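Here is a friendly walk through a few local details of one protein model. Take a moment to load the coordinates and keep them at hand while you read.

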Amino acid sequence: MNQAVASTTAEVSGRAAGTSLLSVEDLHVHFVTSRGVVRAVEGVSWRVYPGEMVALVGESGCGKSVSALAVMRLLAKPAGRVAHGRILFEGRNLLELPEEDMRAIRGRDISMIFQEPMTSLNPVLTIGLQIMEPLFIHKGMNEAQAKSRAIELLRMVGISDAERRLGQYPHQFSGGMRQRVMIAIGLACNPKLIIADEPTTALDVTIQAQILHLMKELSREL
C-alpha cells in the first residue's frame, strides 16, 4: 500500500481550519512471522482535517485495515509493530504515548467501527451494556444517564423500539442492525475522529446503501 491510494471526499472548510486533526506520516507496519518479516504497510501518509471525510482506497490485503489499527494502536502483539513513521493526533504523536493515555483517547476522542460486528460485539452482553460501557468509562455517567444516552443513540442510527432493544443480545439483531449498533457505540462519546473499517462488508447491497447514507447524514449533523 502506498500514499497514492489515499483519496479524500472532503469539504474545503476542513482544510481552511489550518491544523490537521490527524496526520499519518510515512507509516511502515511490519509483522514478524516464522517465515520472516511481512511488510504490510510501506510509506503511507495522509491527513484528516476537522469536518473532513477521507477514504483509503485499495485492493483487498493492501493494508487499509492495518493502517487503521495502527492509528488506534491495536496491532496484534508481539508480531505487529510500527517500524517507522509518526501518527499525530491534535499534534501529539500517538506512538509515543503511555498505554494509559492511549486508552483514554480510544472511544473518547477517536473511535473505530470494525468490519464485522458479529465478531466485534460481545455475544454474552446485551446491546445496552455495550453501548453504555464507554459512557461509564469516559463520561463518568451513572446508569440512568448512560441508558438515556444509549436510547438516544439507537434512535439516531435508525433502530426503532430502542428501549426494548437495549436488553437484547447481538444474535437477536440482523446484520444491518448490528452494524448500526456498532455505529452507535462509535458515536457514544462524541469523538473528534471516527475510523470506519469497511463498515458495509458482508451486507447486502440495499443495507450497504442504507448504512452509507446513515453515516453521511450523521457526519453532517455531528
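## Salt bridges and backbone details

In this predicted model, R164 and D161 form a salt bridge in which the closest N and O atoms lie 2.4 Å apart. R164 has a relative accessibility of 48%, so it counts as partly exposed. D161 is partly exposed too, because its relative accessible area of 43% falls between the 20% and 50% cut-offs.

How many salt bridges does the count come to? The count comes to nine salt bridges, and the table gives three of them.

| Salt bridge | Closest N to O distance |
|---|---|
| R164 and D161 | 2.4 Å |
| K192 and E90 | 2.9 Å |
| E99 and R106 | 3.1 Å |

The pair of K192 and E90, with its closest N and O atoms 2.9 Å apart, links distant parts of the chain. K192 sits in the loop between α8 (175-187) and β8, while E90 sits in the loop between β5 and β6 (92-93), and the two are 102 residues apart. K192 is partly exposed at 47% relative accessibility, and E90 is partly exposed with a relative accessible area of 42%.

Now turn to E99 and R106, whose side chains meet in a salt bridge of 3.1 Å, N to O. Is R106 buried or exposed? R106 has a relative accessible area of 14%, which is under the 20% limit, so it is buried. E99 counts as partly exposed, at 31% relative accessibility. These two residues also belong to a network of salt bridges that links R73, E99 and R106.

R73 deserves a second look for its backbone. Most residues other than glycine have a negative phi, and most peptide bonds are trans. Phi of R73, however, is positive, near 55 degrees. R73 lies in the loop between α2 and β5 and is buried, with a relative accessible area of 18%.

Which peptide bond is cis? The bond from K77 to P78 is cis, and its omega is near 5 degrees. P78 has its place in the loop between α2 (64-72) and β5 (80-89), and R73 is found in the loop between these elements as well.

E198 is another residue to inspect in a Ramachandran plot. E198 is not a glycine, yet its phi is positive at about 45 degrees. The loop between β8 (193-196) and α9 (205-221) holds E198, and a relative accessibility of 35% makes E198 partly exposed.

Next comes a pair of helices. What is the angle at which α5 and α6 pack? α5 and helix α6 (residues 143-156) pack at about 130 degrees, and their axes are 9 Å apart. That angle makes α5 oblique to α6, because it lies outside the ranges for roughly parallel, roughly perpendicular and roughly antiparallel. The crossing of α5 and α6 is right-handed.

Last is a piece of the surface. V124, L125 and L129 make a nonpolar surface patch of about 260 Å². Of these residues, L125 lies in the loop between α4 (117-120) and α5 (127-139). L125 has 34% relative accessibility and therefore counts as partly exposed.

Definitions and conventions
Residues are numbered from 1 along each chain as its sequence is written. This is a predicted model: local features need pLDDT of at least 70, side-chain atom pairs count only at pLDDT 80 or more; totals for chains, interfaces and linings use all residues. Side-chain values use heavy atoms; hydrogens and water are left out. Patches are made of residues with over 30% relative accessible area and no salt bridge: like charges are joined within 9 Å, nonpolar side chains (Val, Leu, Ile, Met, Phe, Trp, Tyr) within 5 Å. Accessible areas come from the Shrake-Rupley method with a 1.4 Å probe; for residues, only the protein chains shown count as cover. A salt bridge is a side-chain nitrogen of Lys or Arg within 4 Å of a carboxyl oxygen of Asp or Glu. Helices (H or I, at least four residues) and strands (E, at least two) are DSSP runs, numbered from the N terminus. Buried means under 20% relative accessible area, exposed over 50%, partly exposed in between (1.4 Å probe, protein chains only). Axes are lines fitted to C-alpha atoms, for helices over the stretch in contact, and angles run from 0 to 180 degrees between N-to-C directions. Angles under 35 degrees count as roughly parallel, over 145 as roughly antiparallel, 65 to 115 as roughly perpendicular and the rest as oblique. A crossing is left-handed if the near helix is turned anticlockwise from the far one by less than a right angle, and right-handed if clockwise.
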